[in-house]
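Please read the following report alongside the sequence and the coordinates. It moves from the chains to their contact, and then to details of the backbone.

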Amino acid sequence: MATNSHTQGRFAITTRKLPISKSAPIAAMEARLGIPVPEMIFGDNVVAVRHAPTGWRIEFNAYDALDAVDKTDKNMLQVAYAKSWSASREQTSAGIKEVVKPYDWSYSTTYRGTTTPPSSTNTSDGENNETPNLTPVGPAEDDPTRPAKQIPLELLKRRDPILFFDDVVLYESELDDNGISMLSVKTRVHEHRMLLLCRLFMRLDHVVARVRDTRVYVDFDTDEVIREYTVKEGSYEDLKKAFRVSGLTPDGVTVALRDGNKVAEQLPIIDQTIEHVSLK
Amino acid sequence: MPGLPASVDLDECISRLYKKELLAESVIEAICAKTKELLMRESNVVHVKAPVTVVGDIHGQFYDLIEIFKIGGWCPDTNYLFLGDYVDRGMFSVETISLLVCLKLRYPDRVHLIRGNHESRGVTQSYGFYTECSRKYGNASVWHYFTDMFDFLTLSVVINDQIFCIPHEGPMADLVWSDPDPEKDEFSLSPRGAGYTFGAKVVKKFLAVNGMSHILRAHQLCQEGFQVLYDDHLSTVWSAPNYCYRCGNMASVLEVGDTGERFFNVFAAAPENDQHKDIQQGAEKQADGNAIPDYFL
């Protein structure tokens, strides 16, 4: 079945999983985006969470994620052997020096989901009440070193029954065998809360590794939503070193480098933001 | 050319491999050594006469390789040209390459193997073949035998002097690193810092200069299993259905007839793949057979 839905509290959670896009939709998508899409592109896949009473909604889809990929040459990485490659072609490639359409081909998106604010139910006076939407969380009053709202990890570590689970890939590229870039969304729903994790895992061999996690936490008792965005990044060599120090064998390191969870454990946090909305 | 050791019976190896059984390490060693000798005598650009069935990427999807023989004909009744990328990513790279090498040895004029970019030491260490060899044989010897043999695989093939198959390696390999871009006419540099992208003009010029009519490439995943571009001057054949067991794509083999006519025979993933669904999706199982719940954080 392609589409799965689950209702918990006043929220509806929907996932859709279909095969990779066909060539015509890919061409249309590339024309709109202005960049080539990754070779494994799940253009029809979606994960969405909707608050029924207000219509507030957050969804994760491949098109919007790719639209948040840098379309300039500002964040363009180079493969590890780029220097030796161009040096060896200096004789033969005379005249071919131009990159026609630069873009971040590692598909390191900054996507945190697509939100739809509550549908306006204002009456005739036209007074536009502040529609609730995610706003940044400041420091806590009693302890300014901590944010006022945080995803309650301890509650999520409990082995509460999972009422709904899905794991949906939005896109994946093997970066022409130079590594991996993958954006996927996992979600687990319990009686009183749910967690969604949208993870970008990008590893450019011998260059850099990145993890960009968007976590969406919903409390079904209070109708509060917390979104946390965490950026992790480190050099490929540092990552390998960290794996070795953790006790892995060289073969174990090879396997771990392909595992987004293991890479995420080792990479240092570069940046984190937390947002919050109360929909009650 | 000295024969295989008397203990190695190729027909028996092939029938065991069709059943997905592994060959002994010593047998792999002998077969790889023998294949090296055979390949050394082949030219760097192999000329193949139609009829021939051309197969793109397989990536260790053993059941889908067997599906290809079922729909395209078994060896040696059908001539086969494999364009490379036999190993990595799928679950049965060892069985896949073992079978293909035995078929090459048994029917050297009816089976042709090109070297894909995955037939190399570096790439197979990152994308699974090395790990699979070590796991299935307890050590990396078999990986060494295979990768030493890969160095002798042919780099490119021309069918009927008309269809040029783009190689993954060697001087023409730059072509494969990037998509042909319909918006561009000429060569331009790939944003990756290595390789070019190329357009219709380049394709047509290459064909005119070399007196050929068509370029065929593998290596490019497509949902439909094949793709034809530039007024039928360039096409892509993709032979790994439901790639990585989760893309849901079709696959094809390209059947080139006596007079060069081309037909893409499209097929879906073999039903046998479902037996291994849980392992493919990486889900571990509990004692009761249910998937272990994923309490990701």
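The report below describes a predicted model, beginning with the two chains.

**The two chains**

Chain A has 280 residues, of which 34% count as buried, and its secondary structure comes to seven helices and 13 strands. Taken along the principal axes, the C-alpha atoms of chain A fill a box of roughly 70 × 50 × 40 Å. In chain B, 46% of the 297 residues count as buried, and the secondary structure there comes to nine helices and 13 strands. When contacts are restricted to residues at least 6 apart in sequence, 67% of those in chain A join residues at least 24 apart, and for chain B the corresponding share is 66%.

**The contact between the chains**

Chain A contributes 38 residues to the contact and chain B contributes 31 residues. On the side of chain A that touches chain B, at least two residues each are supplied by α3 (82-88), α4 (153-157), β8 (164-173), β9 (179-189) and α6 (250-256) of chain A. The largest share of that side of chain A, three residues, comes from α6(A). By class, the residues of the side of chain A that touches chain B divide into 23 nonpolar, four polar and eleven charged.

**The sheet of chain A and the nonpolar core**

In chain A, eight strands form an open sheet with antiparallel pairing, in the order β3-β8-β9-β10-β11-β12-β13-β7. Its edge strands are β3 (40-41) and β7 (135-136) of chain A, each of which pairs on one side only. Helix α5 (residues 236-245) of chain A packs on this sheet, where α5 touches β11 (208-219) and β12 (224-235) of chain A, and the direction of α5 makes about 100° with that of β12(A). Within the sheet, β9(A) and strand β10 (residues 193-204) of chain A run antiparallel and are joined by eleven bridges; Met182(A), for example, has Phe201(A) in β10(A) as its bridge partner.

The largest nonpolar core holds 129 residues, and those that touch the most other members are Leu170(A), Tyr171(A), Val54(B) and Phe82(B). Once neighbours within four places in sequence are left aside, Tyr171(A) is in contact with Pro38(A), Met40(A), Ile41(A), Phe42(A), Ala62(A), Ala65(A), Leu66(A), Tyr107(A) and Leu183(A).

**Helix packing in chain B**

Helix α2 (residues 25-40) and helix α7 (residues 141-150) of chain B pack with their axes 9 Å apart and at an angle of about 10°. Because of this angle, α2(B) is roughly parallel to α7(B). On the α2(B) side the residues that meet α7(B) are Glu25(B), Ile28(B), Glu29(B), Cys32(B), Thr35(B) and Lys36(B), and they face Ser141(B), Val142(B), Tyr145(B), Phe146(B), Asp148(B) and Met149(B) in α7(B). By class, this contact has six nonpolar, two polar and four charged residues.

In helix α6 (residues 129-137) of chain B, the buried residues are Phe129(B), Tyr130(B), Thr131(B), Glu132(B) and Cys133(B). What covers them includes α6 of chain A together with α4 (93-106), α5 (121-126) and α7 of chain B. Just after α6(B), Gly138(B) takes a positive phi of about 80°.

**Backbone details**

Most residues other than glycine have a negative phi, and most peptide bonds are trans. The table lists places that depart from this pattern.

| Site | Value | Place |
|---|---|---|
| Ala50(B) to Pro51(B) | cis, omega near 5° | Pro51(B): loop between β1 (45-48) and β2 (52-55) of chain B |
| Cys75(B) to Pro76(B) | cis, omega about 5° | Pro76(B): loop between α3 (62-72) and β3 (80-82) of chain B |
| Asp223(A) | positive phi of about 60° | loop between β11 and β12 of chain A |
| Tyr230(B) | positive phi of about 50° | loop between β10 (226-229) and β11 (234-237) of chain B |

How exposed are the two residues with positive phi in the table? Asp223(A) counts as partly exposed because it has 19 C-beta neighbours inside 10 Å, and Tyr230(B), with 18 other C-beta atoms within 10 Å, is likewise partly exposed. The cut-off behind both statements is that a residue counts as buried if 20 or more other C-beta atoms lie within 10 Å of its own.

Technical notes
Residues are numbered from 1 along each chain as its sequence is written. Chains are lettered from A and ligands numbered from 1 in the order in which they are written. This is a predicted model: local features need pLDDT of at least 70, side-chain atom pairs count only at pLDDT 80 or more; totals for chains, interfaces and linings use all residues. Helices (H or I, at least four residues) and strands (E, at least two) are DSSP runs, numbered from the N terminus. A residue is buried if 20 or more other C-beta atoms lie within 10 Å of its own, exposed if 12 or fewer, and partly exposed in between; C-beta atoms are placed from the backbone. Two residues are in contact if their C-beta atoms, placed from the backbone, lie within 7 Å. Ala, Val, Leu, Ile, Met, Phe, Trp, Tyr, Cys and Pro count as nonpolar, Asp, Glu, Lys and Arg as charged, and the others, Gly among them, as polar. Two strands pair if DSSP finds at least two bridges between them. Axes are lines fitted to C-alpha atoms, for helices over the stretch in contact, and angles run from 0 to 180 degrees between N-to-C directions. A nonpolar core is a set of buried Ala, Val, Leu, Ile, Met, Phe, Trp, Tyr and Cys residues joined through C-beta atoms within 7 Å. Angles under 35 degrees count as roughly parallel, over 145 as roughly antiparallel, 65 to 115 as roughly perpendicular and the rest as oblique.
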